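Q: Could you take a close look at one part of this protein for me? I'd like a connected walk through its sheet, with a bit of context around it.

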Amino acid sequence: MVTCPLCDSEIDVDEDELDEGDVIVCDECGAELRVASVDPLELEEAEEEEEEEELGFDEEEGDDERWR
Ligand SMILES: [Zn+2]
């Protein structure tokens with residue numbers, strides 16, 4: 001069993017079946033977690049898709065550029 005670093009809930013994954021670089025999805029919060037290391041087991045957030053969304057937001061956030 002693996003614990004999600006974001007929401008602390010248990011993810012139904014067998015640690016023995018994980019390899020470095022694998023990406024698993026937390027059932028509880030939906031976060032994508034990349035296996036950074038297997039011994040000891042370390043998970044890191046793998047949300048590359050969200051970066052693309054942020055680029056889209058930049059255009060809408062024109063109001064924030066109040067330089068004057
Ligand atoms: Zn989670």
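A: Here is a tour of the sheet, starting from the overall layout and ending with a strand residue elsewhere in the chain. Keep in mind that this is a predicted model.

First, the layout. The protein has 1 helix and 5 strands, and reading along the sequence you get β-β-β-β-β-α. Of its 68 residues, 6% count as buried. As for contacts at a separation of 6 or more, 17% of them link residues 24 or more positions apart.

Now the sheet itself. It is an open one made of 3 strands, ordered β3-β4-β5, with antiparallel pairing. The edges belong to β3 (23-25) and β5 (41-45); each has a single partner strand, so one side of each is left without a neighbour in the sheet. From one strand to the next, the twist averages 40°.

Let's take the two pairings in turn. β3 and β4 are antiparallel and share 3 bridges. If you want a pair to click on, try I24, which sits opposite L33 in β4. These two strands make a hairpin with 6 residues between them, and G30 in that turn has a positive phi of about 80°.

Moving across, β4 (residues 32-38) is joined to β5 by 5 bridges, again antiparallel. Here the hairpin connection runs through 2 residues. Two pairs are handy for finding your way along this pairing: V38 has L41 as its bridge partner in β5, and V35 stands opposite L43 in β5. While you have the strands on screen, a general reminder: in a regular strand the side chains alternate between the two faces of the sheet.

L41 and L43 also lead us to V2, back in strand β1 (residues 2-3). Setting aside neighbours within four places in sequence, V2 is in contact with L41 and L43, as well as I11, V13 and E15. So the β5 residues paired with V38 and V35 turn up again in the contact list of V2. D12 is worth a glance here too: it is 10 residues from V2 along the chain, and their C-alpha atoms are separated by 6.8 Å.

Is V2 buried, exposed or in between? V2 counts as partly exposed, because it has 17 C-beta neighbours inside 10 Å, while a residue needs 20 or more to be buried and 12 or fewer to be exposed.

Key
Residues are numbered from 1 along each chain as its sequence is written. This is a predicted model: local features need pLDDT of at least 70, side-chain atom pairs count only at pLDDT 80 or more; totals for chains, interfaces and linings use all residues. Helices (H or I, at least four residues) and strands (E, at least two) are DSSP runs, numbered from the N terminus. Two residues are in contact if their C-beta atoms, placed from the backbone, lie within 7 Å. Two strands pair if DSSP finds at least two bridges between them. Axes are lines fitted to C-alpha atoms, for helices over the stretch in contact, and angles run from 0 to 180 degrees between N-to-C directions.
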